[in-house]
Amino acid sequence: MQTKEIKILIYEYKNISDLSADDRELVGAAQKISSKAYAPYSGFKVGAALRMADGSIITSNNQENASSPAGLCAERTALFWANANFPDLPVVSIAISAIDKNGNPAKNLSPCGSCRQVMLETEHRFNQPIRLILDSNSKIEVLDNIEGLLPMSFNGSSL
Ligand code: THU
């Protein structure tokens, strides 16, 4: 029997002003687009901003539906659009921000399992890590890659 341990590093910042100028811009873009989310059912408005390898920023937000499984999270609307339009352009970083149903900045923001799977696919597709920046009101968490968020993932190597 062998025991394996998987660790991830989470860099926690107290304030957006502690981030680099590039990351501050990306978080600002995620905050801005979150206010335009279509979330009439949950009232939870999420914004995602992607920093592309050419320095450009692509933003999107969650789009809900009366038939709830038909809706989609901000991370996936952003990534699918980016990958559809720029299939050769890697994604370098993703910032996520949200406004809760009371109109306040969301606490403890963390991507859902399906979004982790889709972000990981993009990481594998371009064979380069995607940094993740979670703008969680009282703290900002930064991760070096998506792989750490989805250990023992199902991926193309199984197929
Ligand atoms: N949501 C996102 O867009 N991204 C996340 O990381 C978490 C959840 C959306 C899905 C749904 O529209 C609403 O937030 C409440 O779950």
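This section describes the sheet of a predicted model and the helices that lie against it.

The sheet is open and consists of 6 strands, arranged in the order β1-β6-β5-β4-β2-β3 with mixed pairing. In general, the strands of a sheet pair through backbone hydrogen bonds, in either a parallel or an antiparallel manner. The edge positions are taken by β1 (11–13) and β3, each of which has a single partner strand, so one side of each is left without a neighbour in the sheet. From one strand to the next, the twist averages 15°.

At one of these edges, β3 is joined to β2 by 5 bridges, and the two strands run antiparallel. Within this part of the sheet, L50 stands opposite I58 of β3. Helix α1, formed by residues 21–34, lies across β2, β3, β4 and β5 (131–136), and its direction makes an angle of about 145° with β2. Helix α2 also packs on the sheet, where it touches β2, β3 and β4; the angle between its direction and that of β2 is about 35°.

Helix α2 spans residues 74–85 and thus comprises 12 residues. The distance from its first C-alpha to its last is 17 Å, close to the 16 Å expected at 1.5 Å a residue. Several residues of α2 are buried, namely A74, E75, R76, T77, A78, L79, A82 and N83. The elements that cover these buried residues include the strands β2 (45–52), β3 (57–61) and β4 (91–99), together with helix α3 (113–126). Strands β2, β3 and β4 are thus both touched by α2 and included in the cover of its buried residues.

Definitions and conventions:
Residues numbered from 1 in each chain as written. Predicted model: local features only at pLDDT ≥ 70, side-chain atom pairs only at ≥ 80, totals over all residues. Heavy atoms only, no water. Helix = DSSP H or I, 4+ residues; strand = E, 2+ residues; numbered from the N terminus. Expected span 1.5 Å × (residues − 1). Buried < 20%, exposed > 50% of the residue type's maximum accessible area, 1.4 Å probe, protein only. Contact = heavy atoms within 4.5 Å. Pairing = 2+ DSSP bridges. Axes fitted to C-alpha atoms, helices over the stretch in contact; angles between N-to-C directions.
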